[in-house]
Amino acid sequence: MTRENHRRIQDKMLSIFRRGFMAKIMLVVLVIGLIAIVITGFGTGGSGVGGLGGISGTTVASIEGEELSSARLTDEAQRQLTRLRREQPELDMAAFLQKGALEEVLEQLVDLTAAAVFGREQGLGVSRRMIDRDIASIQDFHDLTGRFDDSTFRRILAQENMTEQQVRDDFATRLLQRQLLGPVARAAHVPDAIANQYASLLLESRSGIVGAVPSAAMGAGAEPGEAELAAFYRTSRARYTIPERRVIRYAVFGPETVAAQSQATDAEIEAAYRSNPANAARETRRLSQVVLPEAQAKALARKVAGGAGFAAAAAQAGRSAADIALGANSREEYAAKSSPAVAAAVFGAAEGATVGPVRGPFGWHVVKVEDIAVSTTKPLDSVRGELAAQIQKSKTANALNDLAGRIENSISDGSTFDEIVAAQKLAVTETAPVTATGAAPGTPGWQAPAELQPLLEGAFAIEPGEDPAVEAIQENQRYALIAVTRAIPAAVPPLASIRDRVKADLVVRRASERARAVASAIVARINAGTPPAKAFAQAQVKLPPVQTLTATRREIARADAEVPPPLAMMFSLPRGKARLLPAPDGRGWFVVYLDKIVPGDAGKEPGLTQAVRNQFGAIIGEEYARQFTAAIRDDLEIERNEDALRKLKAELAGPGATQ
């Protein structure tokens, strides 16, 4: 194997290495950690686990007799589409299905169910307490104080058309899979030699040059003809298509909406003050104590009762003043030093009294109460503002939850958007026709309000004339009632209305093509042996000066690194070779040339080797989990209902869709 081929293999491995941390898509990987099933992680109804027996018409797969229903598959497909649309707002169900996503989601659910079935066969179980703990950890179910709120939990379930039992079943299945696959994933081990090799590769340094061939340097060229302009318009219709737009009406409600009923009253503030143990008066007692065997303790107590001083009697028993002085103690503090029974006797006595002998864990206690001090904490007036703010925060959260619940009940009862906003006295905002990203093509100067962005996903999930919906702007803090009044289908504007734009784009395209020809000639000369400086000088146009770049592989491998594409390309080039790279937005082309490679030495950074070992271990652990899941599937009887799957796919694609 040549050195360059070996390096290509290493590059390929590093790309896998990076993907392992950045592309955790499969459910079998996700469930190894804590399962966070939030609002979009539930679905729209149906527990998804049917009865036992053969495959029915509504069952898409059967795992050891346990059925996966069409409803469950639909729910999971909708969830994953929702997640993807956060990054690709224009993605619809048809495009989702064309990518084979439904089949992929089915495979994920089969893996999940197979692992749960196998886990139960091996005696694994999930307790109600485990499920409660995972549900309580979901932040979307918390109130404004950060605590699990049952009313928020049930409101979200109602929104998602799910029952508590369906949610619990889902958590139970995923917890079983986590128990089964977690130990498998954690068993991965990476040898030192492999970790050291890839750590050294991360320290490899490369240097080269980058030269730009801008489209602007090519000149405007000849004026485009009408036929050429029309042809470019026809082949570029997707570029000019205006996405579907919708007119959205929404009414925001938040803390200011419920401010009147959320103010803290004097009675509530006083009750909160009294209920806090920290605000109660605190009693401390300064004590002197001797702990002796029973007979000696009784003799000491008799001497004190006969008039002897406590310190003198203690001295006769061999205890110095330092031995007997306990200082000031609260009841809790003294109980920790003795016992609750001894503390009860001492703190029940009057100031100056001698208590005992009282039996404790280490002997018999004789204790004198030297004095009693009662301290008060902060007065009510000094903490009134703090208590009022806490009470108002809690009342605001409850009032918002109640308002959201009333609005959702009104929707369920058939009330319209206008009827609800009138009844609740909410202010209404109507948008210009906007796309799923919030842009408003065709309405110059219109700016989307800040609160609109979180509402767009929900607004594009309902149709004009459908029931309004409640969407969160900021969970547990601000919400909006939304309705769609009009939908404008995606369309391409006539050429006449965008002629100047099309012409400008065509001019840029032709200039880019001429720039590519110049850049390709430079690359060809360099790869034929011409020195880079001379190859650039032989170009027929004036070009910007070339730049020298140097970087290590570690610098470009960081997940958060904004790596310029020419710099990244240097790490896939053979030394002494050049390659062409397009500049962003058709602005021209780059010629990238690799001049020098300096190997890295991980021996100088032992910490890097350990980090690589840990990261590779995580990737290998995921692969172990996948392989173990595959072995489980091989051991179980799994059937797929292809007819039901085709039918479901057609239903999801909608009328008129092509396979």
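**Aromatic contacts and helix α3**

In this predicted model, Phe153 has a relative accessibility of 3% and therefore counts as buried, the cut-off for that class being under 20%. Phe141 is likewise assigned to the buried class, since buried means under 20% relative accessible area and the value computed for Phe141 is 0%. Phe148, by contrast, reaches a relative accessibility of 34% and is accordingly classed as partly exposed.

Phe148 and Phe153 form an aromatic pair with a tilted arrangement, in which the ring centres are 5.7 Å apart and the planes enclose an angle of 50°. The structure holds seven aromatic pairs. Among them is the pair of Phe141 and Phe148, which is edge-to-face, with a distance of 6.4 Å centre to centre and an angle of 90° between the planes. Through such ring pairs, Phe141, Phe148 and Phe153 are linked into a cluster.

A further element considered here is helix α3, which comprises the 18 residues from 70 to 87. At 1.5 Å a residue, this helix should span 26 Å, and the separation of its end C-alpha atoms, 27 Å, agrees with that expectation. Buried positions in α3 include Ser70, Arg72, Leu73, Thr74, Asp75, Glu76 and Ala77, and the buried residues of α3 also include Arg79, Gln80, Leu81 and Thr82.

Conventions:
Residues are numbered from 1 along each chain as its sequence is written. This is a predicted model: local features need pLDDT of at least 70, side-chain atom pairs count only at pLDDT 80 or more; totals for chains, interfaces and linings use all residues. Side-chain values use heavy atoms; hydrogens and water are left out. Helices (H or I, at least four residues) and strands (E, at least two) are DSSP runs, numbered from the N terminus. The expected span of a helix is 1.5 Å times one less than its number of residues. Buried means under 20% relative accessible area, exposed over 50%, partly exposed in between (1.4 Å probe, protein chains only). Rings of Phe, Tyr and Trp (its six-membered ring) pair if their centres lie within 6.5 Å; planes under 30 degrees apart count as stacked, over 60 as edge-to-face and the rest as tilted.
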